[in-house]
Amino acid sequence: MPRVTQAHLDARRQQILDAARARFATHGFARTSMTDLVEASGLSVGAIYRYFKGKDEIVAAICEQVGHSLPGELTAGSVSEFLEQIRIAAREDDHARLVAQIYAEAAVSPPLAELVRRQLDDLRTAVAALLPGREPAEAERIAEAFVSLCMGYNQQLAVRGDLDPAPFTAALVAIIGS
């Protein structure tokens with residue numbers, strides 16, 4: 001009997017995550033059953049349970065993959081490009097709606113809330129590191145506001161649809177410039 005390669009196993013796992021990501025973004029976690037995930041992925045129930053114990057584990061795996069790369073420096077141009085990436089992901093991949101679902105689920109799931117908190121902490125730390133010459137406390141305050149505004153833009157995209165990032169870029173530039 002031929003051995004299944006790690007590449008094959010990884011591809012199947014990713015197939016499940018991709019199907020779940022699309023379904024969660026359009027229907028939410030509560031309105032998505034394991035049967036829905038079987039149908040969306042084209043795999044069997046057993047195949048899904050081979051990789052994940054349940055829906056909560058799938059949600060956590062998706063959450064671990066969610067994210068945008070911060071620019072190497074915080075300039076008006078790089079911030080504008082960063083928000084445009086968020087906008088494109090919202091438009092093309094329903095990413096904003098998925099993040100909204102992750103936040104809603106994190107509000108009622110302590111393990112997912114811990115994962116999201118850790119990711120937000122890492123993001124704030126990364127933003128603060130892009131603010132050289134600032135006192136650590138000031139960099140932390142700026143990073144908190146920066147991340148909050150980015151998340152707010154993402155939530156606005158989820159609810160309002162495609163939005164011009166220009167006002168958000170201007171606000172972020174004002175925050176980092178102060």
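User: Which residues in helix α2 (residues 34-41) are buried?

Analyst: This is a predicted model. Buried here means under 20% relative accessible area. In α2, the residues that meet this are M34, D36, L37, V38 and S41.

User: Which helices do the buried residues of α2 pack against?

Analyst: Contact is taken as heavy atoms within 4.5 Å. The buried residues of α2 pack against α1 (6-27), α3 (45-51) and α4 (55-65).

User: What phi does G42 take, just after α2?

Analyst: Helix α2 covers residues 34-41. G42 comes just after α2, and its phi is positive, at about 80°.

User: How many disulfides are there?

Analyst: A disulfide needs two cysteine sulfur atoms within 2.5 Å. For C63, the closest cysteine sulfur is in C150, and at 17 Å that is too far for a bond. C150 is in no disulfide either, as its nearest cysteine sulfur is that of C63. The count is zero.

User: Is C150 buried or exposed?

Analyst: The cut-off for buried is under 20% relative accessible area. C150 has 7%, so C150 is buried.

User: What is the relative accessible area of C63?

Analyst: C63 is in no bond with C150, because their sulfurs are too far apart. C63 is also buried, with a relative accessible area of 2%.

User: Which residues is R87 in contact with, leaving aside its neighbours within four places in sequence?

Analyst: R87 sits in helix α5 (residues 76-93). R87 is buried, with a relative accessible area of 17%. Leaving aside neighbours within four places in sequence, its contacts are Y153, L157, D162, L163, D164 and P165.

Conventions: Residues numbered from 1 in each chain as written. Predicted model: local features only at pLDDT ≥ 70, side-chain atom pairs only at ≥ 80, totals over all residues. Heavy atoms only, no water. Buried < 20%, exposed > 50% of the residue type's maximum accessible area, 1.4 Å probe, protein only. Helix = DSSP H or I, 4+ residues; strand = E, 2+ residues; numbered from the N terminus.
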